[in-house]
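Reader: I am in my first year and still learning to read structures like this one. Could you take a single part and go through it slowly with me?

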2 protein chains.
Amino acid sequence: MTTASDKIKQRLAQLRQRMEAKGIDAVLMTDPDNSSYVSGFRAISYSRPIVYIVQRDTTTYIVPDLEKDHAEQEAAADDFFIYHESAQYAERETSFTALFKGILEGRLKGFVVGLEMDLISASLYQLLKDNGHQIKDIGKDLIAMRAVKDDDELYWIEQAGRLSDIALEASFDHLSSGMSELEFDAYGDHKLLETVSVEFPNINAGFENWTCSGVERSSQPHLYSSTRKFRNNDVVVHSRQVWINQYRAENERTFLLGEPAVQQKQYLQLAIDAQKAAMKMVQPGVKAKDVDMAAFRVFEQAGMSDYVQHRTGHGLGLSEHEEPYLRFDNDLVLQEGMVYTIEPGIYVPNIGGFRHSDTVVVTKDGYRRVTHFPGELEDMMF
Amino acid sequence: MTTASDKIKQRLAQLRQRMEAKGIDAVLMTDPDNSSYVSGFRAISYSRPIVYIVQRDTTTYIVPDLEKDHAEQEAAADDFFIYHESAQYAERETSFTALFKGILEGRLKGFVVGLEMDLISASLYQLLKDNGHQIKDIGKDLIAMRAVKDDDELYWIEQAGRLSDIALEASFDHLSSGMSELEFDAYGDHKLLETVSVEFPNINAGFENWTCSGVERSSQPHLYSSTRKFRNNDVVVHSRQVWINQYRAENERTFLLGEPAVQQKQYLQLAIDAQKAAMKMVQPGVKAKDVDMAAFRVFEQAGMSDYVQHRTGHGLGLSEHEEPYLRFDNDLVLQEGMVYTIEPGIYVPNIGGFRHSDTVVVTKDGYRRVTHFPGELEDMMF
């Protein structure tokens, strides 16, 4: 067995308390973020299933042969079950499903099993049902555990935020009319990886970008970056997430090229004001809905609430979007150590989309931004 | 309703034939690749569920508000159901689950439903069970439909292949001892996006890379790129996938820096020979297992079969990995228009990992490579 770090031991202990409270004998996880959170092992799995099993007194990983060494090095697990896919091993387990069934009928026989019901596949769930297991949802417990970050997690989120600022600066330094959305992204990507490479030995990092330029594309909150070239008088929404050592920050800016229409300036100012109003609300004891409504009221007072298409923000950490969400109907009470994006937006047909996003940590008496790229209206006109 | 293209109409007709043969009244899809294949609409969904419903005589999309315009522009769907997440719409549907249940109990009442059982979540599946639906798996049908590519799909896969060659060339042109894995990737990324931007107006493109350098990291087939710096005498496995207009090609090279050990040269030559042997087998009528075994025998004859950790290749197209797989136990017969990676590898503790991957199309009488970056042993020594 890999020696689990204290952090992983604490997380396992916390999960087991929750299992006990719910009468769950074993938790089966397939989500890479959840299982890495509790085991310390993060694989690139793609088409090959990986299952992490936490029982009251033991832990087990089911991994494909090509993740065997990786898992054995990193995972807090007492046992590893390996499935193979080469003729060399034809007399051993070469079917994940057969191996998985064997474990269900063996060590997990008769157990009450906890699953991430929103994430595990219907086919694995049905295998458990066929084997007679009583199933309980453990998804919300994992969300609750992950929502409050410890100091180590916050350190990496801060680094991700700082690096995202550096990337944005590089993209904006190269900004010119006639460059494409993908080129704008690429300058930031390159600078980001160069910086990470110089500053951090032996660490993983990466990013995701979407840039939506022009009236039509910016009016849609989520589109992949394209080769559309920036034109004079474009509204552009640039979105970037950076991750380092698995932890993420989000940094988004809306900017205006050339001679924007009066309304475009007004609406961007409104999005900026809404973001500030929401951010000011962030502190322990406040409800998620209060943060959302602080932004909403800014739009409402300007008569623009019809153009609000999404909540004010989402949790952030290991996953691109994590619960809990800053939604008008969420009574969740914010706690110190939670991390959120604050990104109210409006999307106005024939005029454009307007949204900044910054990442904030809930502190003892308020919040701390981890992204600092300038975003006032005058900073956003080129 | 969006006017569906002829291609989408054909795919819908083909899916409906399969539904009829299986006695399925409605198919519910949540996988973004499957639903974009049949509907023409590809969203960035993250935490917000999107469901595409194909009935015998009508099609429906359930989308969040922020994808409404995007879906209405691109999707072949007769109806759109929208769920909202802003206080403005608090009197309308603001819960995906409530909306979804309403549809199940309404227009789908009593229907036999086809699901992608390996992909849909346990919680949605259970909602269908609770509503009394008989469920059948439609996943294999969607895989079979997607496996054989049409000319338009092949065009984009060819472009992805060509662009991946350009990216590899840029990374190798900048190769130097002391640069990090992430920097090596970044040169290719930048050149790739620049090239795409110049050549293709208004198109989406992207990439994924992993570079594993040194004996320890290269011995593990799948690790995220890190800031580890290349050292003299390293073995490095560089993996790149490029996608353009949603279609992918894969291009991987193992290379040797400085003065490699005799065994490192031998094993890389072996991986090259195994790849050539597998590629030569590719033609219509041959079985998937024959391709896998052609590579395996090269390793076996050299006494190295213990170090084979994975199958010879996977299908490629919309997804990073698609079925069917080139595995020793797969009796699937190859057909013209299928697309595969050919990537046999060995991973030898204390010596390194050795794998090239190229993407090939099955043609009328053999195969055509879509990736052409040089890969002979002498090309791979720096």
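Author: What follows is a close look at one pair of helices, and then at the surface shared by the two chains. Please keep in mind that this is a predicted model, in which chain A averages a pLDDT of 95, with 99% of the residues scoring at least 70, while the complex is given an ipTM of 0.93 and a pTM of 0.94 by the predictor.

The pair consists of helix α10 of chain A, residues 262–281, and helix α11 of chain A, residues 288–301, whose axes come within 8 Å and cross at roughly 150°. Because angles over 145 degrees count as roughly antiparallel, α10(A) and α11(A) are therefore described as roughly antiparallel to each other, and their crossing is right-handed. On the α10(A) side the contact is made by A:Leu270, A:Asp273, A:Ala274, A:Gln275, A:Ala277, A:Ala278 and A:Met281, and these meet A:Asp290, A:Val291, A:Ala294, A:Ala295, A:Val298 and A:Phe299 of α11(A). Sorted by character, the residues of this contact are 10 nonpolar, one polar and two charged.

Helix α11 also leads us to the second chain. The contact between the chains takes 66 residues from chain A and 66 residues from chain B, and α11 of chain A is one of the elements that each supply at least two residues to the side of chain A touching chain B, alongside α3 (68–74), α5 (122–130), α8 (181–199) and β7 (205–213). Of these, α8(A) gives the most, with 10 residues, and that side of chain A as a whole divides into 27 nonpolar, 24 polar and 15 charged residues.

Notes. Residues numbered from 1 in each chain as written. Chains lettered and ligands numbered in written order. Predicted model: local features only at pLDDT ≥ 70, side-chain atom pairs only at ≥ 80, totals over all residues. pLDDT = per-residue confidence, 0-100. Axes fitted to C-alpha atoms, helices over the stretch in contact; angles between N-to-C directions. Helix = DSSP H or I, 4+ residues; strand = E, 2+ residues; numbered from the N terminus. Parallel < 35°, antiparallel > 145°, perpendicular 65-115°, else oblique. Left-handed = near helix turned anticlockwise from the far one by under 90°. Contact = placed C-beta atoms within 7 Å. Nonpolar A, V, L, I, M, F, W, Y, C, P; charged D, E, K, R; others polar.
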